[in-house]
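Pull up the model and keep the sequence beside it. We'll start at the ligand and work outward from there.

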Amino acid sequence: MSAALLEVDGFTGGFENQPGRIDPVLHGVSFSVPAGSSTAIVGESGSGKSITALSIMGLAPGRFRRTAGSIRYAGQDLTAMTEPELRSIRGREISIVFQDARSSLNPVFTVGTQIADVCRTNRGVTRREARKLTLEMLDLVRVPESRRRMDQYPHEFSGGMAQRAMLAMALISQPKLLILDEPTTGLDVTIQADVLDLIVDIKAETGMTTCLITHDLGVVAETCDRVVVMRGGEVKEIGSCEQIINAPTDPYTQQLVADSRMVENR
Ligand SMILES: Nc1ncnc2c1ncn2[C@@H]1O[C@H](COP(=O)(O)OP(=O)(O)OP(=O)(O)O)[C@@H](O)[C@H]1O
Ligand SMILES: [Mg+2]
């Protein structure tokens, strides 16, 4: 396996819900994302997947406090960076796509304008060039009639289409690492499958490293090569996709696999 692009090491923290008292949420979370891999983070609701992802981006909620550990990206410690330093990593090096695409888009600007703005900021191109690249990106994520759609507002997009637009916005900066936090939750099953296929295709085309967060092991089997299993803010097991699904060793992973088989067979 090639070198790790991202290394989360003993990352520990919690929420300062009351001044001076930290309610722990993450307990020594350690895992790595090898360059070129598609690593999944799975676990039940509240296991700390999103807080981990947000911490990688330096976007954890204001009351979150890191108490120990580090997060290294390409050898640099992200937890030691200043906000301007982090801003130069966000988008350009690491992008994130959240679950609810529509609420991440600004309702008062057209979808095309928002993607083009990110393109201009992160790639330093002209307005005209940004528009051209946006159109190409909307085609890549298979938004039909991209030229017309580009000038529409978020409310004119369906949920699946908005998720594709968010993917376009994350990809236009050409990040090396793409984090997807439950990117298909809330979408119809067929649209979910389309968006996942799209992610797999784009990964194959670009060679980008991906980190997919989900609670659905079925999704993992189809899209990932490595799996990190989390529960209660701890990493329970790490393995290849094949090992986790066919021969899980941790009792919690075994339960997770058994549950997902039951859903499949229903
Ligand atoms: N803003 C916040 N303030 C206080 N506690 C929070 C906040 N956000 C999350 N938490 C707590 O942190 C823990 C981990 O939450 P997190 O959102 O990372 O879970 P998750 O694994 O992403 O769950 P889900 O699958 O539901 O998205 C939970 O116990 C949650 O209650
Ligand atoms: Mg979450």
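How far does a polar side-chain atom of Ser45 lie from an oxygen atom of ligand 1? In this predicted model, the answer is 2.5 Å. Two other side chains make polar contacts with ligand oxygens as well: an N or O atom in the side chain of Lys49 sits 2.8 Å from one, and a polar side-chain atom of Ser50 is also 2.8 Å from an oxygen atom of ligand 1. Taken on its own, ligand 1 has 640 Å² of accessible area, and the protein covers 64% of that.

Now zoom out to the whole shell. It holds 14 residues, with Ser45, Gly46, Lys49, Ser50 and Ile51 the closest. By type, you'll find six polar, four charged and four nonpolar residues there. Strand S1 (4-18) and helix H1 (49-57) are the elements that give two or more residues to this shell, and H1 gives the most, with three.

So let's follow H1. Eight of its nine residues are buried, so the helix is largely enclosed by the rest of the structure. The buried set is Lys49, Ile51, Thr52, Ala53, Leu54, Ser55, Ile56 and Met57. Notice that Lys49, with its polar contact to the ligand, is on that list.

Thr52 is worth a stop. This H1 residue has a relative accessibility of 1%, under the 20% cut-off, so Thr52 counts as buried. What does its polar side chain do in there? A polar atom of the Thr52 side chain lies 2.7 Å from the backbone oxygen of Gly48. Beyond its sequence neighbours within four places, Thr52 is in contact with Leu26, Val29, Phe31 and Met230. Just after H1 ends, Gly58 takes a positive phi of about 70°.

The other main contributor to the shell was S1, and Leu6 is a good residue to look at in that strand. Leu6 is buried because its relative accessibility is 1%. Not counting residues up to four places away in sequence, Leu6 touches Phe31, Ser32, Val33, Ile56, Ile71, Arg72, Tyr73 and Leu177. Ile56 in that list is one of the buried residues of H1, which ties the strand to the helix we just left. Look at Tyr73 too: Leu6 and Tyr73 are 67 residues apart in sequence, yet their C-alpha atoms are 4.6 Å apart.

Next, the greasy interior. In soluble globular proteins, nonpolar side chains tend to be buried together. Here the largest nonpolar core has 50 residues, and Val141, Leu167, Leu171, Leu178 and Val220 touch the most other members. Helix H7 (residues 159-171) supplies the largest share of this core, nine residues. To get a feel for the packing, click on Leu167: leaving aside neighbours within four places, this residue is in contact with Val97, Val141, Leu178, Leu180, Leu198, Ile199 and Ile202. There's also a second, separate core of 29 residues, which includes Met81, Ile89, Ile179 and Val228.

Finally, two backbone oddities. Most residues other than glycine have a negative phi. Arg142 isn't a glycine but has a positive phi of about 60°, and sits in the loop between helix H5 (127-140) and helix H6 (146-149). Glu182, also not a glycine, has a positive phi of about 50°; its loop runs between strand S7 (177-181) and helix H8 (189-206). Are these two buried or exposed? Arg142 counts as partly exposed because its relative accessibility is 41%, whereas Glu182, at 9%, counts as buried.

Conventions
Residues numbered from 1 in each chain as written. Chains lettered and ligands numbered in written order. Predicted model: local features only at pLDDT ≥ 70, side-chain atom pairs only at ≥ 80, totals over all residues. Heavy atoms only, no water. Near = heavy atom within 4 Å. Polar contact = N/O pair within 3.5 Å; in protein donor to acceptor, adjacent residues only side chain to side chain. Areas by Shrake-Rupley, 256 points an atom, 1.4 Å probe, with all protein chains shown as cover. Helix = DSSP H or I, 4+ residues; strand = E, 2+ residues; numbered from the N terminus. Nonpolar A, V, L, I, M, F, W, Y, C, P; charged D, E, K, R; others polar. Core = buried A, V, L, I, M, F, W, Y, C linked by side-chain atoms within 4.5 Å. Buried < 20%, exposed > 50% of the residue type's maximum accessible area, 1.4 Å probe, protein only. Contact = heavy atoms within 4.5 Å.
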